[in-house]
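Please open the model in your viewer and keep the selection tool at hand. The tour goes from one selection to the next, with a short account of what to look for at each stop.

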Amino acid sequence: MSRIEAVGAVLYDERGRVFMAKRPKGKVLADKWEFPGGKIEPNESLEDCLHREMLEELHIKVIPRQYIGKQSYMYDYGLVILHLFA
């Protein structure tokens, strides 16, 4: 079983609305909702991964305000450990 560590960002505006995205067709878990983020590369810190993924996916620079915590999810392809930041 593979183990995948990833980061996600809970991005929200001044009205408290949260940004989420739908996974594209053809990808694992297509059409499911997710927070923006991605897999942590070898020797990459959680914060560095968050910065890289936000630039790659949304073309924005973020300042992590708070580490919310981590959550594990078991899928048929492996264990995903998601580290969430606000």
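**Stop one: an enclosed strand**

Select strand β8 (residues 78-85), where seven of the eight residues are buried, so that the strand is largely enclosed by the rest of the structure. Here buried means under 20% relative accessible area, exposed means over 50%, and partly exposed lies in between (1.4 Å probe, protein chains only). Strands (E, at least two residues) and helices (H or I, at least four) are DSSP runs, numbered from the N terminus. Before going on, note that this is a predicted model, in which local features need pLDDT of at least 70 and side-chain atom pairs count only at pLDDT 80 or more, while totals for chains, interfaces and linings use all residues. Residues are numbered from 1 along each chain as its sequence is written, and side-chain values use heavy atoms, with hydrogens and water left out.

**Stop two: the neighbours of β8**

Add β1, which runs parallel to β8 and is joined to it by eight bridges; two strands pair if DSSP finds at least two bridges between them. Within this pairing, Ala-9 has Phe-85 in β8 as its bridge partner. Then add strand β7 (residues 67-75), which runs antiparallel to β8 and is also joined to it by eight bridges, and which forms a hairpin with β8, with two residues between them.

**Stop three: the core**

Now select Val-7, Ala-9, Cys-49, Leu-50, Met-54, Val-62 and Phe-85, the seven residues of the largest nonpolar core. Such a core is a set of buried Ala, Val, Leu, Ile, Met, Phe, Trp, Tyr and Cys residues joined through side-chain atoms within 4.5 Å. Both β1 (2-9) and α1 (46-58) supply at least two residues of this core, and α1 gives the most, with three.

**Stop four: charged pairs on α1**

Select Glu-41 and Arg-52, which form a salt bridge with the closest N and O atoms 3.7 Å apart; the term means a side-chain nitrogen of Lys or Arg within 4 Å of a carboxyl oxygen of Asp or Glu. Arg-52 counts as buried because its relative accessible area is 17%, whereas Glu-41 is partly exposed, at 43%. Next add Glu-56, whose side chain meets that of Arg-52 in a salt bridge (3.3 Å, N to O). Arg-52 and Glu-56 are four residues apart in helix α1, so about one helical turn separates them. Salt bridges that share partners join Glu-41, Glu-44, Arg-52, Glu-53 and Glu-56 into one network.
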